[in-house]
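Trainee: I would like a close look at a single part of this model, the packing of its nonpolar interior. Please take me through it in one go.

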Amino acid sequence: MVVLSELLKFERHPVRRGRPAVAVKPPPAPAVVQATSRCLHQEALRARRVPLGRSHFVFRVELASGERVIARITRFDRAECFTGFAYWRRLLAGVGVPVPRVLSMDLTGTVLPWPIMFLEEAPGDDLCNVYADLTAAKKLSVADDLLDIHRRVRRLPSGPGFGGVAHYGDERCHPRWSDVLEEYVNGALESLTSPQRQTQAVAHIRSALRGLSHELDRVEPLPYLIDATHQNVLVDGGRVSAIVDLDEVGFGDALYPLGAARTGLLARGPEADCIERVAARLCSGSERRRILDLYSAIAALKMLAHSPLSVAGPPSADSRLGARLRALLAVYASAAAREE
């Protein structure tokens, strides 16, 4: 586990500012209310933007009946995410994974000049938002639920290749798992300044990718929930109530989202024992622990970078979250590059 003294040591380093994110304006709330009424054939009263998601705008919409639904809105070049959600939702519900129902969607731009999808509102909040308030016993329950979901997802067939796909016929797969990781790293680096790319942490990530290539290329294309990390895992009453981002399912190493979850939780608090417990069940030796550290470092790099698909930019360079992510990046990249 990364300890706070290590984080604080790195937080003293000077801030380096990256390229500013390009803002994308969300649709106005009244337009979302009108679109909800048209799609669900029910009167909608009000919509409130929920500051979630890197690729979609999310609104919580209140209906005249007293019910609430979730509206997800995206750009036209991301409309296939919504068909992917409906596809994977059906398959995952079939193996017992808790996922919200799709109520309606419009991909034509008829009810709103954006593709829009409506989901039932699942109870609970993102793991990262409730984690600090969970008791040790409830963290144990969450870990058990995540392990059960992992086993259920593995009941699905293997993939046609590696990476995140919208359906089993998706041909955008990579031939090797290491190719997916290279894509993640290169994509993140493209949005950073030259000084930010020329850091020891980035060099350590490159070194770890080379040193662990044999082990990485032994990974099989088994299914995992690509976005079920510190976000998109809803927790209610100390239990996992739903997985709410299903635009793609990943094929490859199920340790990767755990590395991202560990980074996401540690960037916001002092520990991530729940995730460490789940990861320990999938780590059979020192190489696997190094691989988990590599995934945590890559996740930190991605969280610091601006994504061209993002509707919300990365944390500001001078924010506490940004500082802690840079600290985690340095610690985990160094650990991944260090051979036993």
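Mentor: What follows goes through the nonpolar cores, then the aromatic residues, and ends with a short sheet.

Keep in mind throughout that this is a predicted model. The largest nonpolar core holds 87 residues, and those touching the most other members are Leu92, Trp177, Ile205 and Ile243. Among the elements, helix H12, spanning residues 286-304, gives the most to this core, with 11 residues. Apart from this core lies another one of 20 residues, including Ala35, Leu40, Ala47 and Val69. As background, nonpolar side chains tend to be buried together in soluble globular proteins.

Take Ile243 from the list of best-connected members. Leaving aside residues up to four places away in sequence, Ile243 touches Val97, Pro98, Val99 and Pro100, together with Ile149, Leu225, Ala228, Asn232 and Val233.

Trp177, also on that list, leads to the aromatic residues. There are nine aromatic pairs in the structure. In one of them, the ring centres of Trp177 and Tyr295 are 6.2 Å apart with the planes at 90 degrees, so this pair counts as edge-to-face. The two residues come from distant parts of the chain: Trp177 belongs to helix H6 (residues 177-190) and Tyr295 to helix H12, with their positions 118 residues apart. Both Trp177 and Tyr295 are buried; the cut-off for that word is under 20% relative accessible area. Ring pairs also tie Trp177 and Tyr295 into a cluster with Tyr184, Tyr224 and Tyr256.

One member of that cluster, Tyr184, has a charged neighbour: Lys302 lies over the face of the Tyr184 ring, at 3.8 Å from the ring centre. By its number, Lys302 falls within helix H12 (residues 286-304). A second arrangement of this kind involves Arg90, which lies over the face of Tyr87 at 6.0 Å from the ring centre.

The last stop is strand S5, residues 116-120, which is mostly covered, with four of its five residues buried. Strand S5 has two antiparallel partners. With strand S3 (residues 68-73), S5 pairs over five bridges, and there Arg72 stands opposite Met117. With strand S4 (residues 102-106), S5 is joined by four bridges, and Val102 has Leu119 as its bridge partner. Val69, one of the residues named for the 20-residue core, has a number inside the range of S3.

Note on methods
Residues numbered from 1 in each chain as written. Predicted model: local features only at pLDDT ≥ 70, side-chain atom pairs only at ≥ 80, totals over all residues. Heavy atoms only, no water. Core = buried A, V, L, I, M, F, W, Y, C linked by side-chain atoms within 4.5 Å. Buried < 20%, exposed > 50% of the residue type's maximum accessible area, 1.4 Å probe, protein only. Contact = heavy atoms within 4.5 Å. Pairing = 2+ DSSP bridges. Phe/Tyr/Trp six-rings, centres within 6.5 Å; stacked < 30°, edge-to-face > 60°. Lys NZ or Arg CZ within 6 Å of the ring centre and 35° of its normal.
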